[in-house]
Amino acid sequence: MTRIFAILLLTLAMVQPAYAACLSQSQARQAVASGKAASLGSVAGRAGGEIVKAQLCQRGGGYVYVLSVLKGGKVTKVTVNASR
């Protein structure tokens with residue numbers, strides 16, 4: 001059981017850095033205003049449901065929105081490209 005827990009922790013540690021560079025609200029506004037990132041409104045149609053939470057993050061030299069989306073009574077995480 002301890003071994004499984006250790007593997008789970010290592011897996012989460014490897015996955016988490018992909019979204020570690022999420023921007024504050026003011027940084028996100030600046031990225032959109034400067035044209036480096038698309039506005040949430042312009043990518044909302046690709047979410048596949050009702051957006052209940054959104055965060056703009058840097059990933060791989062570009063930007064993505066990490067969205068919590070309500071669809072069919074369930075909330076799921078969706079990642080949408082926001083780079084211009």
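How much space lies in the largest pocket? I took this as the opening query for a predicted model, and the value I obtained is about 150 Å³.

**Entry 1. Overall fold.** I first listed the secondary structure and found three helices and three strands in the protein. Read from the N terminus on, the elements follow the order α-α-α-β-β-β. I then looked up burial: the protein has 84 residues, of which 24% count as buried.

**Entry 2. The largest pocket.** I returned to the pocket and asked which residues line it. The lining consists of L23, S24, Q25, A28, V32, S39, L40, A54, Q55, L56 and Y65. Sorted by class, I count seven nonpolar and four polar residues in this lining, and no charged residues. I next asked which elements each supply at least two residues of the lining. These are helix α2, spanning 25–33, and strand β1, spanning 50–59.

**Entry 3. A nonpolar surface patch.** I turned to the surface and noted a nonpolar patch formed by V52, L70 and V75. Together these residues have about 240 Å² of accessible area. I located V52 in strand β1. Is V52 buried, partly exposed or exposed? Its relative accessible area is 47%, so I record V52 as partly exposed, since that class lies between the 20% and 50% limits.

**Entry 4. The end of β2 and the loop after it.** I looked up K71 and found it in strand β2, which covers 62–71. K71 has a relative accessible area of 56% and is therefore exposed, the cut-off being over 50%. I then checked its separation from E50: the two residues are 21 residues apart along the chain, and their C-alpha atoms are separated by 6.6 Å.

G72 belongs to the loop between β2 and β3. I recorded a relative accessible area of 79% for G72, which means that this residue is exposed as well. I also took the distance from G72 to E50, which are 22 residues apart along the chain; their C-alpha atoms are separated by 9.8 Å.

**Entry 5. Strand β3.** I placed K77 in strand β3, which comprises residues 74–81. Why does K77 count as exposed? Its relative accessibility is 61%, and the class requires over 50%. How far apart are K77 and I51 in space? From C-alpha to C-alpha I noted 9.8 Å, with their positions 26 residues apart in sequence as the separation.

**Entry 6. Items kept for reference.** For the pocket, I keep the volume of about 150 Å³ and the absence of charged residues from its lining. For strand β1, I keep two entries: it supplies at least two lining residues of the largest pocket, and it holds V52, a member of the nonpolar patch.

Key: Residues numbered from 1 in each chain as written. Predicted model: local features only at pLDDT ≥ 70, side-chain atom pairs only at ≥ 80, totals over all residues. Heavy atoms only, no water. 1 Å grid on protein atoms, 1.4 Å probe; cavity = no way out; pocket = protein on both sides within 12 Å on 5 of 7 lines; lining within 4 Å. Points joined across faces, edges and corners; volume = space filled by probe spheres on them. Helix = DSSP H or I, 4+ residues; strand = E, 2+ residues; numbered from the N terminus. Nonpolar A, V, L, I, M, F, W, Y, C, P; charged D, E, K, R; others polar. Patch = residues over 30% accessible without salt bridge, like charges linked within 9 Å, V, L, I, M, F, W, Y side chains within 5 Å. Areas by Shrake-Rupley, 256 points an atom, 1.4 Å probe, with all protein chains shown as cover. Salt bridge = Lys/Arg side-chain N within 4 Å of Asp/Glu carboxyl O. Buried < 20%, exposed > 50% of the residue type's maximum accessible area, 1.4 Å probe, protein only.
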